[in-house]
Structure formats: structure tokens, C-alpha cells
Amino acid sequence: MLRFLRRRSAHIEEPEGTTCLWCRTVIPARTSEELFLAGAVLDPGAGWFCSNSCARQYTVRFRVQPTRTPPHRSPTSH
Ligand SMILES: [Zn+2]
């Protein structure tokens with residue numbers, strides 16, 4: 001019985017859930033409520049992440065925050 005189940009689950013690789021946009025971990029939840037309960041983090045502009053750190057890394061990499069634009073000219077002159 002156990003063997004059968006194992007074989008079956010190994011054979012069928014259907015992602016039953018939502019994939020984290022950053023690390024591609026499949027969160028075993030589909031609705032937003034389930035995702036929140038699973039500890040997933042929603043980025044309204046992007047999608048779901050398995051954890052806060054994933055969401056943060058994604059934001060840091062793909063988004064430029066308008067309030068924190070890096071200065072083109074250095075304020076200190078030589
Ligand atoms: Zn993740």
C-alpha cells in the first residue's frame with residue numbers, strides 16, 4: 001500500500017498549488033486564504049511568494065523604489 005502510494009506520487013508530478021515566483025517552491029495552496037494560512041506572501045504587483053524573504057528579494061531585484069533612487073551624482077566632490 002505504501003509502496004503503491006509512493007510510486008504513484010513519484011510518477012505524477014503535478015504541482016498542486018502555487019509556485020513561488022522567486023525560488024519556485026510549490027506552496028500547497030491555491031486560494032488566497034489557503035496561501036496566507038500556508039505562510040505565503042502576496043505581492044500585489046507580482047504574485048505569490050513562499051516566504052517574506054523571497055518577496056523581499058524579488059522586490060529588491062525587479063523593482064526600483066521611487067523614494068530610494070540611487071543618486072547619479074555623488075554629493076561629495078573631490
Ligand atoms: Zn520562495
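## Overall layout

Read along its sequence, the chain follows the pattern α-β-β-α-β-β-α, and it thus holds three helices and four strands. The model is a predicted one. Buried residues account for 17% of the 78 residues in the chain. Among the contacts between residues at least 6 apart in sequence, 29% join residues at least 24 apart.

## The nonpolar core

The largest nonpolar core is made up of 12 residues in all, namely Cys20, Trp22, Ile27, Leu35, Ala40, Val41, Trp48, Phe49, Cys50, Cys54, Ala55 and Tyr58. Two elements, S4 and H3, each give two or more residues to this core, and the largest share, three residues, comes from H3.

Tryptophan 48 is one of the members of this core. When residues up to four places away in sequence are not counted, tryptophan 48 touches Thr18, Cys20, Leu21, Ile27, Leu35, Ala40 and Leu42. Several of these partners, including Cys20, Ile27, Leu35 and Ala40, belong to the core themselves.

## Helix H3 and its two faces

Helix H3 spans residues 52-62, and within this helix Cys54, Ala55 and Tyr58 are buried. Seen down the axis of H3, the buried residues fall within an arc of 100°, so they line one face of the helix. This arrangement can be set beside the general geometry: an α-helix has 3.6 residues a turn, so residues three or four places apart point the same way.

The face of H3 that is turned away from the buried side carries the exposed residues Asn52, Ser53 and Val60. On the buried side, what covers the residues of H3 includes strand S3 (41-43) and strand S4 (47-49).

## Valine 41 in strand S3

Valine 41 lies in strand S3, and it counts as buried because it has 20 C-beta neighbours inside 10 Å, where 20 or more is the cut-off for that class. Leaving aside neighbours within four places in sequence, valine 41 is in contact with Phe49, Ser51, Asn52 and Ala55. Of these partners, Ala55 is among the buried residues of H3, whereas Asn52 is exposed and is carried by the face turned away from the buried side. Valine 41 and serine 53, which are 12 residues apart in sequence, are 9.2 Å apart in space, C-alpha to C-alpha.

## Loop residues

Arginine 24 has its place in the loop between strand S1 (18-19) and strand S2 (26-27). Although it is not a glycine, arginine 24 has a positive phi of about 70°. In general, most residues other than glycine have a negative phi. Arginine 24 is exposed, with 10 other C-beta atoms within 10 Å.

Alanine 29 is placed in the loop between S2 and helix H2 (32-37), and it is partly exposed, with 18 other C-beta atoms within 10 Å. Apart from neighbours within four places in sequence, its contacts are Gly17, Thr18, Glu34, Leu35, Leu37, Ala38 and Ala40. The C-alpha atoms of alanine 29 and alanine 40, 11 residues apart along the chain, are separated by 9.1 Å.

Glycine 45 is found in the loop between S3 and S4, and this residue is exposed, with 9 other C-beta atoms within 10 Å. Between the C-alpha atoms of glycine 45 and threonine 59, which lie 14 residues apart along the chain, the separation is 9.8 Å.

Terms used
Residues are numbered from 1 along each chain as its sequence is written. This is a predicted model: local features need pLDDT of at least 70, side-chain atom pairs count only at pLDDT 80 or more; totals for chains, interfaces and linings use all residues. The arc is that of the directions from the helix axis to the C-beta atoms. Two residues are in contact if their C-beta atoms, placed from the backbone, lie within 7 Å. A nonpolar core is a set of buried Ala, Val, Leu, Ile, Met, Phe, Trp, Tyr and Cys residues joined through C-beta atoms within 7 Å.
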